[in-house]
Amino acid sequence: MVLLLGVILGITESEGTSVNLFSANTEGRSPLADRMRPRTLDEFLGQEQLIGPGRLLRRAIEADKLSSSIFYGPPGVGKSTLAQIIANTTGSDFYKLNAVTSGVSDVREIIKKAEDALSMYGRESFLLLDECHRWSKAQSDSILPAMEKGTIKLIGSTTENPMAAMTSAILSRVRLFEFLPISIEDIKKALTTAVRDSGRGYGNMDIAISREAVSHWAHVAGGDIRTALNALELAVLTTKPDRDGKIVIDMETAEQSIQRRMVQMGDDDYYDMLSAFCKSLRGSDPDAALFWFARMSYAGVDPRVPVRRMIAHASEDVGLADPQALAQAVAAFSALNANGMPEAKLNIAQAIIYICEAPKSNSVVAAVDKAFYDAEHTNRAAVPGHLADTSYKDAEGKKKGKEYKYPHDYKNHYIPQQYLPDELKGTVYYTPSDEGYEKKIKERRRDIGK
């Protein structure tokens with residue numbers, strides 16, 4: 001089914017608006033993704049956790065009180081765009097450098113201008129530094145005194161984790177804001193806006209684009225609006241109009257324009273693939289688990305989703321049969337946050353294989369489920385007197401803690417005594433299996449007579 005998103009519209013000039021012909025010509029030739037950059041906070045898509053209503057960053061921008069900050073996250077998620085919005089709305093001077101092409105002399109020149117603006121006009125200055133993780137220590141040190149004095153505020157933009165890539169001196173003087181991949185629905189909105197916008201997009205053209213094509217771009221863009229808009233632009237510019245002058249973009253064109261074949265990924269497919277991945281982990285099949293992870297990644301699923309499931313399954317299906325499984329899963333998540341994709345796929349694959357090959361036990365999940373059930377359904381569950389707190393003034397008078405036995409005073413650092421409330425005395429939640437490390441737990445229990 002084809003959805004008509006664009007119609008032929010006339011372009012009129014607003015009364016009293018002066019037009020620079022050379023500037024208009026240049027803007028018309030710039031890439032679609034650049035032309036469609038949001039100009040205000042209201043146009044900005046995504047990052048609700050940062051600039052949603054009432055959020056700290058939004059309040060600081062609207063009040064023109066933003067302090068030195070670093071925006072970090074994957075490409076195409078709005079870091080530079082938000083910095084440009086700040087530049088358009090602030091009453092301060094705004095300078096821009098790229099860490100790769102600029103040197104210490106460039107920084108000093110901007111600091112001098114900022115000092116003059118502050119002393120003569122009382123006007124603050126911002127420096128937007130793209131790829132700030134590429135700054136050397138000498139470059140970083142050159143701006144520190146100006147930041148200390150409040151002469152200039154830094155807004156760094158980077159795809160790297162600043163905690164690992166930036167100097168500690170810079171980090172101690174900035175606020176960090178993490179940008180997340182753009183949601184599929186927000187990418188669809190950006191594509192629809194680009195087709196309909198007659199000023200910056202394709203609203204002055206007759207375009208018919210299928211829902212499936214839009215969905216495909218949104219899914220495979222991997223949370224990157226720029227990638228999706230580049231695909232739309234390529235599709236429009238390379239598709240010949242039909243006899244009626246209409247540009248028709250179908251699934252085949254969409255796949256070619258982004259150079260990725262469509263992987264069916266509706267809501268049911270998403271949950272089915274995630275279920276297959278989880279059951280492959282539990283079933284000790286690393287080949288299947290690796291395939292489903294790769295399939296979901298290729299289809300545009302946020303890789304953090306399956307990795308979070310790995311963290312859960314490391315305790316749910318492996319648990320104490322191999323405690324290192326949890327460490328592997330958490331390390332994979334940390335690697336994903338630090339390196340991003342595709343580099344982190346190696347770390348994730350290692351953790352997938354480890355969890356699959358580890359001995360399996362569900363004793364942890366069985367134990368905690370029983371404990372939570374009793375916690376909800378037991379009425380009083382008073383703490384036994386010998387376990388009560390003895391640190392406050394009246395504890396001795398209330399005879400609390402009198403008969404407590406300190407385990408380290410006994411052989412094997414263990415002595416039987418009641419730890420559960422009276423209503424649950426003798427209840428057993430955790431029963432170790434015969435698998436892996438849990439076999440050693442069983443042996444220790446037998447040795448100490450537990």
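Start by selecting Ile209: its bridge partner in strand β8 is Ile249. You are looking at a predicted model, and this pair is a handy doorway into it.

**First stop: β7 and β8**

Widen the selection to residues 247-249, which make up β8; this strand runs parallel to β7, and three bridges join the two. Now colour β7, residues 207-210, by side chain. Ile207 and Ile209 lie on one side, Ala208 and Ser210 on the other, and all of them are buried, so both faces of the strand are covered. In a regular strand, the side chains alternate between the two faces of the sheet.

**Second stop: β4**

Next, select residues 125-130, strand β4. How many of its six residues are buried? Six of the six are, and the strand is described as mostly covered. Turn the view to sort the side chains: Ser125, Leu127 and Leu129 point one way, while Phe126, Leu128 and Asp130 point the other way.

**Third stop: the neighbours of β4**

Keep β4 on screen and add residues 93-98, strand β3. Six bridges join β3 to β4, and the two run parallel. To see one pairing up close, pick Leu97, whose bridge partner in β4 is Leu129. Then show helix α6, residues 104-121: together with β3 and β4 it makes a right-handed β-α-β unit.

Now add β5, residues 153-158. This strand pairs with β4 in the parallel sense over five bridges. Which residue of β5 stands opposite Leu129? Select Gly156 to find it. To follow the chain from β4 to β5, trace helix α7, residues 137-149; this β-α-β crossover is right-handed.

**Fourth stop: Phe291**

Leave the strands and select helix α15, residues 286-298, where Phe291 lies. Is Phe291 buried or partly exposed? Its relative accessibility is 43%, so Phe291 counts as partly exposed. Add Phe277 as well: the two residues are 14 apart in sequence, and their C-alpha atoms are 8.3 Å apart in space.

**Last stop: a patch of tyrosines**

Finally, switch on the surface and select Tyr404, Tyr406 and Tyr419. They form a nonpolar patch there, with about 330 Å² of accessible area together. Zoom in on Tyr406, which sits in the loop between α19 (363-377) and α20 (436-448). Tyr406 counts as partly exposed because its relative accessibility is 45%.

How values were computed. Residues are numbered from 1 along each chain as its sequence is written. This is a predicted model: local features need pLDDT of at least 70, side-chain atom pairs count only at pLDDT 80 or more; totals for chains, interfaces and linings use all residues. Side-chain values use heavy atoms; hydrogens and water are left out. Helices (H or I, at least four residues) and strands (E, at least two) are DSSP runs, numbered from the N terminus. Buried means under 20% relative accessible area, exposed over 50%, partly exposed in between (1.4 Å probe, protein chains only). Patches are made of residues with over 30% relative accessible area and no salt bridge: like charges are joined within 9 Å, nonpolar side chains (Val, Leu, Ile, Met, Phe, Trp, Tyr) within 5 Å. Accessible areas come from the Shrake-Rupley method with a 1.4 Å probe; for residues, only the protein chains shown count as cover. A salt bridge is a side-chain nitrogen of Lys or Arg within 4 Å of a carboxyl oxygen of Asp or Glu. Two strands pair if DSSP finds at least two bridges between them. A crossover is right-handed if, with the strands pointing away from the viewer, the path from the first strand over the helix to the second runs clockwise.
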